[in-house]
Amino acid sequence: MDSVTFTVPGLPVPQPRARVTTGEKAHGYYPERSLRSKRLSYPDYKEWIVANYLKARGRITHGYDSSGLYSLSIKAYLPVKYKCDMDKVIASFMDALTGVI
């Protein structure tokens, strides 16, 4: 199994609870962050994760393991007063990298 190590700078964005519209064209969406928020919106954060992953993967010169076995290890450095559910932070990474790895 190959290893790719990468850093995603900034505050982690936990996966928010999806909202669903009702009516004729019902669909799911993630709510936008307020303009005063210091964090990226969830869709922007997922793109940021993928961009940092692809940048790191580009430095690897050998082939990838095609067995489909992968491991994910996350170190999140959070400010003291920053509260979030770590399961949701991990879900952000797994969601962002689905289909990329």
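This section describes the fold, the nonpolar core and selected residue environments of a predicted model.

The protein chain contains 2 helices and 2 strands. Their order along the sequence is β-β-α-α. Confidence is uneven across these elements. The mean pLDDT of the chain is 80, and 82% of the residues reach at least 70. Helix 2 has the highest mean pLDDT among the elements, at 91. Strand 2 (residues 28-29) has the lowest, at 76. Where pLDDT is low, predicted coordinates should not be read in detail.

Of the 101 residues in the protein chain, 20% are buried. The exposed surface of the chain amounts to about 7,800 Å². Carbon and sulfur atoms supply 53% of that area. Among contacts with a separation of 6 or more, 73% join residues 24 or more positions apart.

The largest nonpolar core holds 11 residues. Its members are Val8, Val13, Tyr42, Tyr45, Ile49, Val50, Tyr53, Val89, Phe93, Ala96 and Leu97. Two elements each give two or more residues to this core: helix 1 (42-57) and helix 2 (86-97). Helix 1 gives the most, with 5 residues. In soluble globular proteins, nonpolar side chains tend to be buried together.

Val50 is a core residue and lies in helix 1. Its relative accessibility is 18%, so Val50 falls under the 20% limit and counts as buried. Beyond its neighbours up to four places away in sequence, Val50 touches Ala96 and Val100. Ala96 also belongs to the core. Val50 and Val8 are 42 residues apart along the chain, and their C-alpha atoms are separated by 9.2 Å.

Helix 2 comprises 12 residues. From its first C-alpha to its last, helix 2 reaches 17 Å, close to the 16 Å expected. Asp85 caps the N-terminal end of this helix. A side-chain oxygen of Asp85 lies 3.1 Å from the backbone nitrogen of Asp87. Just after helix 2, Gly99 adopts a positive phi of about 85 degrees. The buried residues of the helix are Val89, Ala91, Ser92, Phe93, Ala96 and Leu97. Helix 1 is included in what covers them. An α-helix has 3.6 residues a turn, so residues three or four places apart point the same way.

Two adjacent positions in helix 2 illustrate its packing. Phe93 is a member of the core. Beyond residues up to four places away in sequence, Phe93 touches Phe6, Val8, Tyr45, Ile49, Leu72 and Ile74. Among these partners, Val8, Tyr45 and Ile49 are themselves core residues. Ser92 is also found in helix 2. With a relative accessible area of 0%, Ser92 is buried. Outside its neighbours within four places in sequence, Ser92 is in contact with Val13, Pro14, Gln15, Tyr42, Tyr45, Lys46 and Ile49. Tyr45 and Ile49 thus appear in the contact lists of Phe93 and Ser92.

Gln15 is located in the segment before strand 1 (19-20). The side chain of Gln15 makes a polar contact with the side chain of Tyr42, at 3.4 Å. Apart from neighbours within four places in sequence, Gln15 is in contact with Tyr30, Tyr42, Lys88, Ala91, Ser92 and Asp95. Ala91 and Ser92 are among the buried residues of helix 2. The C-alpha atoms of Gln15 and Ile90 are separated by 8.3 Å, although the two residues are 75 residues apart along the chain.

Ile90 belongs to helix 2. Its relative accessible area is 32%, so Ile90 is partly exposed. Ile90 touches Leu72 and Ile74, residues up to four places away in sequence not being counted. Ile74 is placed in the loop between helix 1 and helix 2. Ile74 likewise counts as partly exposed, because its relative accessibility is 28%. With the exclusion of residues up to four places away in sequence, Ile74 touches Ile90 and Phe93. Its partners thus include a partly exposed residue, Ile90, and a buried one, Phe93. Ile74 and Val89 are 15 residues apart in sequence. Their C-alpha atoms are 9.1 Å apart in space. Leu72 also appears in the contact lists of Ile90 and Phe93.

Conventions: Residues numbered from 1 in each chain as written. Heavy atoms only, no water. Helix = DSSP H or I, 4+ residues; strand = E, 2+ residues; numbered from the N terminus. Buried < 20%, exposed > 50% of the residue type's maximum accessible area, 1.4 Å probe, protein only. Contact = heavy atoms within 4.5 Å. Areas by Shrake-Rupley, 256 points an atom, 1.4 Å probe, with all protein chains shown as cover. Core = buried A, V, L, I, M, F, W, Y, C linked by side-chain atoms within 4.5 Å. Polar contact = N/O pair within 3.5 Å; in protein donor to acceptor, adjacent residues only side chain to side chain. Expected span 1.5 Å × (residues − 1). pLDDT = per-residue confidence, 0-100.
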